[in-house]
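Please work through the exercises below with the sequence and the coordinates at hand, trying each task before reading its solution.

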Amino acid sequence: MPDPTDRLLILTLALAIEAAIAYPGALFRAIGHPVSWIGALIAIFDRSLNWSDFSFPVRRLAGIVTILSLVAVSLAAGMAIEGLAAWGGPAGFAVMLIAVATLIATGSLDRHVAAVPRALAAEGLAGGRRAVSMIVGRDPETLDEPAVCRAAIESLAENASDGVTAPAVWFLVAGLPGMIAYKAINTADSMIGHRTERHRAFGWAAARLDDLVNLPASRLTALLFIAAAAVVPGASAAGALAAVRRDSGRHRSPNAGWPEAAMAGALGLRLAGPRSYGGVVVEDAWMGDGRAAASADDVRRALRLYRVAYAGAGVLVAALALGLGILGGGVLGGRM
């Protein structure tokens with residue numbers, strides 16, 4: 001496993017690369033994405049082990065076996081890639097860099113969210129609904145324009161934690177094995193961690209483990225948004241902090257409320273609240289005490305806050321890599 005200095009350097013470069021070019025659409029169409037490969041494996045487990053005629057305890061046990069198997073496969077894949085990279089010199093470093101950049105969604109998230117106000121401007125509400133349906137699971141036909149904009153901002157806040165902060169944290173803590181294992185857990189939660197009749201038992205382990213592994217990143221993401229709000233014109237760090245303290249614990253998710261409340265408070269909005277998934281209305285608490293009538297301009301304001309937050313985080317990671325590299329006698333130091 002690369003040492004902490006190397007991991008900081010790799011993460012700095014990976015964040016910059018992914019922010020600049022994201023994951024190429026042509027590559028996705030040709031070979032998919034590591035998350036889609038993980039998803040295909042989860043689907044196999046779901047079809048093979050989650051049988052409706054099994055009892056509730058048996059289906060829960062099958063779900064535990066599934067998530068443990070996913071974690072084991074992910075750790076093995078990460079260790080194999082790191083082992084190969086350790087023997088590869090500059091080529092090995094490049095492999096690690098590409099792997100980490102692929103598993104972080106800084107630029108991809110930015111582009112998907114930015115597509116929503118563009119679609120609203122070009123095609124009206126129908127375009128906005130279509131664009132936001134690419135990043136949220138709620139019923140798009142139930143959304144008016146303010147709800148479309150709130151959904152985009154909520155997705156930006158929550159996925160900043162799940163798609164950027166958490167993979168970065170787990171890479172720094174446990175290298176590529178930890179990063180891939182995190183993505184497997186998070187993907188499993190998104191696919192089977194639902195309270196539906198089919199997945200209430202089978203997805204229990206995935207949902208609980210996802211809550212646990214996202215706990216540090218959700219708090220850190222909220223702090224990043226609060227810090228960014230202190231320097232972004234028109235945003236309020238005090239409002240973000242107040243919303244986090246008041247509202248984060250009221251969200252149905254133990255983690256999503258932190259970045260959503262911080263974003264809402266920073267922008268003077270109300271986010272979350274009641275919404276519909278698959279025809280079922282989910283009654284959730286509001287995050288923030290501002291206006292619910294979000295606009296396309298608010299989506300752009302949220303993106304500005306997001307960009308400043310992660311640009312600042314990237315500068316901090318780079319500074320740590322440089323400082324540790326100097327103290328340790330040079331970045332990489334021949335270790336990979």
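The exercises that follow concern a predicted model, and each is given with a worked solution.

**Exercise 1. Determine where the predictor's confidence is highest and lowest among the elements of the protein.**

Begin with the whole protein, for which the mean pLDDT is 92, with 95% of the residues reaching 70 or more. Over residues 330–335, however, the pLDDT is below 50, and this stretch has 11 contacts in the model beyond near neighbours in sequence. Turning to the elements, α10 has the highest mean pLDDT, 98, whereas strand β3, residues 280–282, has the lowest, 68.

**Exercise 2. Compare the end-to-end distance of α5 with its expected span, and do likewise for α7.**

Helix α5 comprises the 14 residues 89–102, and because a rise of 1.5 Å a residue predicts a span of 20 Å, the distance of 20 Å between its end C-alpha atoms agrees with expectation. Helix α7 has 48 residues, and a straight helix would reach 70 Å at 1.5 Å a residue, yet its end C-alpha atoms are only 30 Å apart. The next step is to look for a bend along α7, and one is found at Ala174, where a kink of about 140° lies shortly before Pro177. At the start of α7, a side-chain oxygen of Asp144 comes to within 2.9 Å of the backbone nitrogen of Ala147.

**Exercise 3. Work out which elements cover the buried residues of α5, and which element gives the most residues to the largest nonpolar core.**

The buried residues of α5 are Gly92, Phe93, Met96, Leu97, Ala99, Val100, Ala101 and Thr102, and what covers them includes α1, α3, α4 and α7. Helix α7 is itself mostly covered, with 38 of its 48 residues buried. The largest nonpolar core has 75 residues, of which Val100, Val132, Phe225, Met263 and Leu305 touch the most other members; α7 gives the most to this core, with 15 residues. Apart from it lies another core of 19 residues, among them Phe45, Leu70, Ala181 and Ala205. Returning to Phe225, its contacts beyond four places in sequence include Ala157, Ala160, Pro259, Met263 and Leu305.

**Exercise 4. Decide whether His251 is buried or exposed, and do the same for Pro254.**

Both residues are found in the loop between α9 and α10, as is seen for His251 and for Pro254. His251 has a relative accessibility of 8% and therefore counts as buried, the cut-off being under 20%. Its side chain makes a polar contact of 3.4 Å with that of Glu260, and its contacts beyond four places in sequence also include Ala272, Arg275, Asp284 and Met287. Pro254, with a relative accessible area of 41%, is partly exposed. Pro254 touches Asp211 and Arg219, residues up to four places away being left aside, and although Asp211 is 43 residues away in sequence, the two C-alpha atoms are 6.8 Å apart.

**Exercise 5. Examine the phi angles of Ala22 and Ala272, and establish where each residue lies.**

Most residues other than glycine have a negative phi. Ala22 has a positive phi of about 55°, and it is placed in the loop between α1 and α2, where its 11% relative accessibility makes it count as buried. Ala272 likewise has a positive phi, near 70°, but it is found in strand β1, and with a relative accessible area of 3% it too is buried.

Notes
Residues numbered from 1 in each chain as written. Predicted model: local features only at pLDDT ≥ 70, side-chain atom pairs only at ≥ 80, totals over all residues. Heavy atoms only, no water. Helix = DSSP H or I, 4+ residues; strand = E, 2+ residues; numbered from the N terminus. Expected span 1.5 Å × (residues − 1). Buried < 20%, exposed > 50% of the residue type's maximum accessible area, 1.4 Å probe, protein only. Contact = heavy atoms within 4.5 Å. Bend = angle between axes of the 7 residues up to and from the residue. Polar contact = N/O pair within 3.5 Å; in protein donor to acceptor, adjacent residues only side chain to side chain. pLDDT = per-residue confidence, 0-100. Core = buried A, V, L, I, M, F, W, Y, C linked by side-chain atoms within 4.5 Å.
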